[in-house]
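Hi,

Here is the structure I said I would pass on. Have a look at it first, and then read on for my notes.

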Amino acid sequence: RDTIIGLDTILKYGRDTIKVHRYADTASVYLLRATKSHRKYVNGFLNLGLTYYYRDSFQLAAEAWGKAYQYYPTNSILLQYQQMLVNQANNKAIKKDFKGAAQFMGYAAMAMPGDEKACADFAGASYMAMDFPAAIDAFTRAIYVIDLKISTQKKAGNNQNVKLLEDQVKQMQGGLGAATNNNNCLLAWQKDSTNVDSTLSLAKAFMGTPDFLPTSKRLLNKALVIRPSYPRAVFLMDSLTSLEKKIKNK
């Protein structure tokens, strides 16, 4: 029998997808046995991850592919499967669903933990989702992974690659600094959201990211309600208005 039944499920997924779910369920049973019997069975982990992916169990898919990465990090099929997670993240980002984008980039980084681009993109997506603790961890991880590659490239004498990687580290350090600052400002504001100065500090921190400007404006308006005509708040509001005009005119 199909493991997923019911008219609502058929309408949601379609009959063909339900068949795929059934086959994925059946296959995963045997693939779990196979990977337990042979813990370095790369193809087993690749296919196990695929069965989870077809069932929308993306974290389990990423974990299975991460096992495959441990034993065969350059596997071309693994790269294709990771790209499916990246594509999901990109589709979310296009719709400004930064939380969803961060979630899928996290899965992509989990599938290939040594991929500095996936780590960096996960950090950036987490930052845009205003999940600054996750961004801090991801930026730190990306710096670590890139530093390892720098050491390898230095030993190989690839100075041009070293320079490119060092530039990436600088970018990650900049992102780490911004995430840390925003997180500190947010924590201070959360302790007392009626404090004008902490509200303005958070609003100013958010002004560095165009997509955060609406949130920054709400914070400034709140500060002006608490303390009308407060010079610092008025100055930041004027600055924000000018910034919005520049962005609109680009």
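Below is what I found in it, going from the aromatic rings to the salt bridges, then a helix and a few single residues.

One thing to keep in mind throughout: this is a predicted model.

**Aromatic rings**

The count comes to 11 aromatic pairs. A good one to pull up is Phe58 with Phe104, an edge-to-face pair with 4.9 Å centre to centre and 65 degrees between the planes. Phe58 belongs to helix H4 (residues 58–71) and Phe104 to helix H6 (residues 98–111), so that the pair ties together distant parts of the chain, 46 residues apart. Are these two rings buried or exposed? Phe58 is buried at a relative accessible area of 15%, and Phe104 is buried too, at 5%. Both rings also belong to one aromatic cluster, made up of Tyr53, Phe58, Trp65, Tyr81, Phe104 and Tyr107.

Elsewhere, a charge meets a ring: the charged end of Arg227 sits over the ring of Tyr230, 4.5 Å from the ring centre.

**Salt bridges**

Side chains of opposite charge can pair when their charged atoms come close. How many salt bridges does the structure hold? There are 7, and I went through three that link distant parts of the chain, starting with Lys96 and Asp211.

- Lys96 and Asp211 have their closest N and O atoms 3.2 Å apart. Lys96 is in the loop between helix H5 (76–94) and H6, while Asp211 is in the loop between helix H10 (196–206) and helix H11 (213–226), 115 residues apart. Lys96 counts as exposed at 51% relative accessibility, and Asp211 as partly exposed at 37%.
- Lys149 and Glu116 have a closest N–O distance of 2.7 Å. This pair joins helix H8 (residues 132–156), which holds Lys149, to helix H7 (residues 116–128), which holds Glu116; the two residues are 33 residues apart. Lys149 is partly exposed at 33% relative accessibility, whereas Glu116 is buried, with a relative accessible area of 15%.
- Asp197 and Arg232 have their closest N and O atoms 3.7 Å apart. Asp197 is in helix H10 and Arg232 in helix H12 (residues 231–249), 35 residues apart. Both count as partly exposed, Asp197 with a relative accessible area of 35% and Arg232 at 31% relative accessibility.

Glu116 deserves another click. Not counting residues up to four places away in sequence, Glu116 touches Ala142, Val145, Ile146, Lys149 and Gln168, so its salt-bridge partner Lys149 turns up in the contact list as well.

**Helix H3**

H3 covers residues 42–54, which makes 13 residues. From the first C-alpha to the last, H3 reaches 19 Å, close to the 18 Å expected at 1.5 Å a residue. How many of its residues are buried? The answer is 10 of 13, so H3 is mostly covered. Among them are Val42, Gly44, Phe45, Leu46 and Leu48, along with Tyr53, which is also a member of the aromatic cluster. After H3 comes Asp56, with a positive phi near 65 degrees.

**Leu78**

Leu78 lies in helix H5 and counts as buried, at 0% relative accessibility. What is Leu78 in contact with, leaving aside its neighbours within four places in sequence? The list is Leu46, Trp65, Ala68, Tyr69, Tyr72, Pro73, Ala111 and Met112. Leu46 is one of the buried residues of H3, and Trp65 is in the aromatic cluster. For a sense of scale, the C-alpha atoms of Leu78 and Lys248 are separated by 41 Å, with their positions 170 residues apart along the chain.

**Positive phi values**

Most residues other than glycine have a negative phi. Two loop residues go the other way:

- Met130, in the loop between H7 and H8, is not a glycine but has a positive phi of about 60 degrees. Met130 is partly exposed, with a relative accessible area of 29%.
- Ser229, in the loop between H11 and H12, has a positive phi near 60 degrees. Ser229 is exposed, with a relative accessible area of 61%.

Happy to go through any of this whenever suits you.

Cheers

Technical notes. Residues numbered from 1 in each chain as written. Predicted model: local features only at pLDDT ≥ 70, side-chain atom pairs only at ≥ 80, totals over all residues. Heavy atoms only, no water. Phe/Tyr/Trp six-rings, centres within 6.5 Å; stacked < 30°, edge-to-face > 60°. Helix = DSSP H or I, 4+ residues; strand = E, 2+ residues; numbered from the N terminus. Buried < 20%, exposed > 50% of the residue type's maximum accessible area, 1.4 Å probe, protein only. Lys NZ or Arg CZ within 6 Å of the ring centre and 35° of its normal. Salt bridge = Lys/Arg side-chain N within 4 Å of Asp/Glu carboxyl O. Expected span 1.5 Å × (residues − 1). Contact = heavy atoms within 4.5 Å.
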